[in-house]
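User: I'm new to reading protein models and keep tripping over the vocabulary. Could we go through a few labels and check what backs them up?

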Amino acid sequence: MLNGCSLDNGLYWCDENGYILANGFAKIDGSTYHYNDYKLSKGFTKIGNAYYMFNASSGKMYSDATMWVGNNTYGIKEGFYFFGADGAMLKTGINEQNGEYCYVQSNGELIKNSTIWVSQTNDLLESGEGYYAFDASGKLIKTGFVTGGGATSVSYTHLRAHETELHLV
């Protein structure tokens with residue numbers, strides 16, 4: 001368990017043995033923070049090979065959220081990006097989160113409750129580009145039937161959708 005430690009230069013977080021947290025992620029009162037050289041990470045931050053967004057004031061990490069990434073020194077184009085459950089920024093197209101697939105549009109929006117044409121699979125789907133359906137939480141629907149717009153029924157097998165004509169009786 002982490003506890004706050006007040007020192008001359010501000011508030012730091014300490015483990016149960018009283019050691020100040022110098023580097024790494026910390027779960028504090030249900031929220032996630034990151035420390036780098038004893039200081040809270042704030043704003044858009046690269047950690048290892050991933051990018052994260054932290055509140056500019058409190059340092060609290062954003063997760064499952066679409067956030068604006070402004071001008072930065074990492075070479076990431078300004079725009080909206082989706083930050084997944086672990087707080088890491090997801091790239092446009094198909095992404096894997098906790099063993100499930102989701103799709104993030106170029107505007108940073110996580111696709112939910114939709115069937116869309118996917119051309120950017122990020123080498124995660126063997127079946128390649130095609131129509132894919134996503135449920136209310138944004139997870140890829142792997143098997144089943146989905147009714148598309150107009151007179152199209154879409155059946156899902158092995159992740160990829162196959163269009164068939166809908167015959168009304």
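User: What makes Lys-142 and Glu-100 a salt bridge?

Analyst: Distance, mostly. This is a predicted model, and in it the closest N and O atoms of Lys-142 and Glu-100 are 3.7 Å apart. The cut-off is a Lys or Arg side-chain nitrogen within 4 Å of an Asp or Glu carboxyl oxygen, so this pair counts. A search of the whole structure turns up one salt bridge.

User: How do you know that the pair links distant parts of the chain?

Analyst: Check where each one sits. Lys-142 is in the loop between E13 and strand E14 (144-147), while Glu-100 belongs to strand E11, and the two are 42 residues apart.

User: Why is Lys-142 called partly exposed?

Analyst: Its relative accessible area is 34%. Buried would need under 20% and exposed over 50%, so Lys-142 lands in between. Glu-100, at 25%, gets the partly exposed label by the same cut-offs.

User: And Thr-121: buried or exposed?

Analyst: Buried. Thr-121 has a relative accessible area of 12%, and the limit for buried is under 20%, so the label fits. You'll find Thr-121 in the loop between strand E12 (114-118) and strand E13 (130-134). Leaving out residues up to four places away in sequence, Thr-121 touches Ile-94, Gly-128 and Glu-129.

User: How do you know that E3 and E4 pair up?

Analyst: Count the bridges. Two strands pair if there are at least two bridges between them, and E3 and strand E4 (residues 31-36) have five, so they qualify. They run antiparallel. For one example, Ile-28 has Ser-31 in E4 as its bridge partner.

User: What makes the sheet with E3, E4 and E5 an open one, and which strands stand at the edges?

Analyst: The three strands come in the order E3-E4-E5, with antiparallel pairing. Strand E3 (24-28) and strand E5 (39-40) are the edges: each has a single partner strand, so one side of each has no neighbour in the sheet.

User: What about the largest pocket: how much space lies in it, and which residues are closest to its centre?

Analyst: The largest pocket holds about 230 Å³ of space. It is lined by 13 residues, and closest to its centre are Asp-64, Gln-97, Leu-110, Ser-137 and Lys-139. The lining is made up of five nonpolar, four polar and four charged residues. Strand E11 (residues 100-104) gives the largest share of that lining, with three residues.

Conventions:
Residues are numbered from 1 along each chain as its sequence is written. This is a predicted model: local features need pLDDT of at least 70, side-chain atom pairs count only at pLDDT 80 or more; totals for chains, interfaces and linings use all residues. Side-chain values use heavy atoms; hydrogens and water are left out. On a 1 Å grid over the protein atoms alone, a cavity is a set of points where a 1.4 Å probe fits but cannot get out, and a pocket is an open set with protein on both sides within 12 Å along at least five of seven lines; lining residues have an atom within 4 Å of a point. Grid points are joined across faces, edges and corners, and a volume is the space filled by probe spheres set on the points. Helices (H or I, at least four residues) and strands (E, at least two) are DSSP runs, numbered from the N terminus. Ala, Val, Leu, Ile, Met, Phe, Trp, Tyr, Cys and Pro count as nonpolar, Asp, Glu, Lys and Arg as charged, and the others, Gly among them, as polar. Buried means under 20% relative accessible area, exposed over 50%, partly exposed in between (1.4 Å probe, protein chains only). Contact means heavy atoms within 4.5 Å.
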